Every structure is written in structure tokens, then in C-alpha cells.
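This report is meant for a reader meeting the structure for the first time. It takes up the nonpolar core, then the sheet, then the salt bridges, and ends with one segment of the chain.

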Amino acid sequence: FMAKDKAGNTSAPQTVTIMRDQIAPAINTDGSTILTNGVLDIKLSGSVSDDASGTASLEITINGIDGFKVKADIGNDRNWTSSLPAKTLATLETGKTYEVWGKATDNAGNISESRIAKLNVDKTPPVVKFSDSVKNQAEQGINGVKDIIGTVNESNTPKSLEFFYTLQDPSTASQPENNSG
């Protein structure tokens, strides 16, 4: 381009390169299924790339939760992190699966949307049952090694089973008082 004033003077020609960005940014994540009981925040991460104009923002939403949006923090290395707050997760229905979506916008205004994770909601505690023989042994006193037999019923794979017990010297044991007045 050149400029010309009213007196007819013309500037030296200048060259400007105009780049056109028509490609939306790409959101990269493992798309895993995350099990939640709605008690703790869930941390999400991934990367976002846009080689032309660069990524301006990444918003995270959960399908079925009207008005929920959080912004992801995008580092210079293109890696992003975000958190789904427990107060929002607590409102999700147990037994349902929700999709978490990312909406990336680049500096030219191009937009892409991708599912970045699924949330599987389980707010039902596992049920633990011991066989009657274990209860009878405990009431009569256990001397030596005894097998404990029982079941854990859980819709998802149980993470752990913790067993708590109190040691008591049988010679000092007494019957509980009857306080039924």
C-alpha cells in the first residue's frame, strides 16, 4: 500500500501480509469416564492447539446443567487445566452419565467443541454384609484365627474394604447394662 497527500506526494510502497485463519482450534484430551460421588472437585486437563492465530479461550460445560460454565487456564505450552466444583457435582443425579464439553475459541473467532470427558455419578454407598457365622463368632468371642466371609454389593467396582475391630481381654469383659428403664 501507499499513501498520497493533498500536495501529490506519494510514500514509498509498503508491504503487509494478511493471514486468514479459517481453522478452529483443536481440543486434545483422553476423553475418559470419571466416577464421581459429587463430594470432591474434579480436575481436568488436556491441550489445545491453533497454529494460525492462537487460542483465545476454552470454556467447560456439563450437558444437562443449564448455565454451568467454567473457564480453563491455558498455559504458554498450550496445556490447559480446569476444575469442576463439588458444589455443582453434588447436584448431579446418581446413576446418570453426563458429558463434559469444551468450547475453544481462537483469536480469529473460530470455534470448536469437543467432548472431553464423561461423568458417571454414583452417590450410593456400597452395602457390606457378613455371614451369620461371623456375627455368632464375634458375639461368642474369637480365639485364634477365624475366616470372615461376606459380600460387598456395589454398582461399580469397590475400591477397598476396611475392617475395624476392638481387642478386648475376655477376662475383663462384662455384659452390657440394660438401660431400657
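The largest nonpolar core contains 23 residues. Within that core, the residues with the most contacts are Leu44, Ile60, Ile62, Trp80, Leu84, Val100 and Leu119. Two or more residues come from each of strand E3 (42-49), strand E4 (55-62), strand E7 (79-84), strand E8 (97-106) and strand E9 (111-121). E9 gives the largest share, 4 residues. The model is a predicted one. In soluble globular proteins, nonpolar side chains tend to be buried together.

Leu119 can serve as an example from the core. Leaving aside residues up to four places away in sequence, Leu119 touches Ile34, Ile42, Ile62, Leu84, Leu89, Leu92, Lys96, Thr97, Tyr98 and Val100.

**The sheet**

An open sheet is formed by 5 strands, and their order is E2-E9-E8-E4-E5. The pairing in this sheet is mixed. Which strands stand at the edges? They are strand E2 (33-36) and E5; each has a single partner strand, so one side of each lacks a neighbour in the sheet. E8 and E9 pair in the antiparallel sense, with 9 bridges between them. Thr97 stands opposite Asn120, a residue of E9.

**Salt bridges**

How many salt bridges does the structure hold? There are 3. The table gives each pair with the distance between N and O.

| Basic residue | Acidic residue | N to O distance |
|---|---|---|
| Arg78 | Asp51 | 2.9 Å |
| Lys71 | Glu59 | 3.5 Å |
| Arg115 | Glu99 | 3.9 Å |

The side chains of Arg78 and Asp51 form one of these salt bridges. Arg78 is in the loop between strand E6 (73-74) and E7, while Asp51 is in the loop between E3 and E4, so this pair ties together parts that lie 27 residues apart in sequence. Arg78 has a relative accessibility of 37% and therefore counts as partly exposed. Asp51, at 67%, counts as exposed.

A salt bridge also joins the side chains of Glu59 and Lys71. Glu59 belongs to strand E4 and Lys71 to strand E5 (residues 70-71), so the parts tied together by this pair are 12 residues apart in sequence. Is Glu59 buried or exposed? Glu59 is buried because its relative accessible area is 19%, and the cut-off for buried is under 20%. Lys71, in contrast, is exposed, with a relative accessible area of 57%.

The remaining pair is Glu99 and Arg115, whose closest N and O atoms are 3.9 Å apart. Glu99 lies in strand E8 and Arg115 in strand E9, and the pair links distant parts of the chain, 16 residues apart. Glu99 is partly exposed, at a relative accessible area of 26%. Arg115 is partly exposed as well, at 34%. The two strands that hold this pair are described above: E8 and E9 are antiparallel partners in the sheet.

**The segment after E11**

Where is Thr157 placed? Thr157 is in the segment after strand E11 (150-153). The relative accessibility of Thr157 is 74%, so this residue counts as exposed. Thr157 and Pro126 are separated by 31 residues in sequence, and their C-alpha atoms are 9.8 Å apart in space.

Conventions: Residues are numbered from 1 along each chain as its sequence is written. This is a predicted model: local features need pLDDT of at least 70, side-chain atom pairs count only at pLDDT 80 or more; totals for chains, interfaces and linings use all residues. Side-chain values use heavy atoms; hydrogens and water are left out. A nonpolar core is a set of buried Ala, Val, Leu, Ile, Met, Phe, Trp, Tyr and Cys residues joined through side-chain atoms within 4.5 Å. Buried means under 20% relative accessible area, exposed over 50%, partly exposed in between (1.4 Å probe, protein chains only). Contact means heavy atoms within 4.5 Å. A salt bridge is a side-chain nitrogen of Lys or Arg within 4 Å of a carboxyl oxygen of Asp or Glu. Two strands pair if DSSP finds at least two bridges between them.
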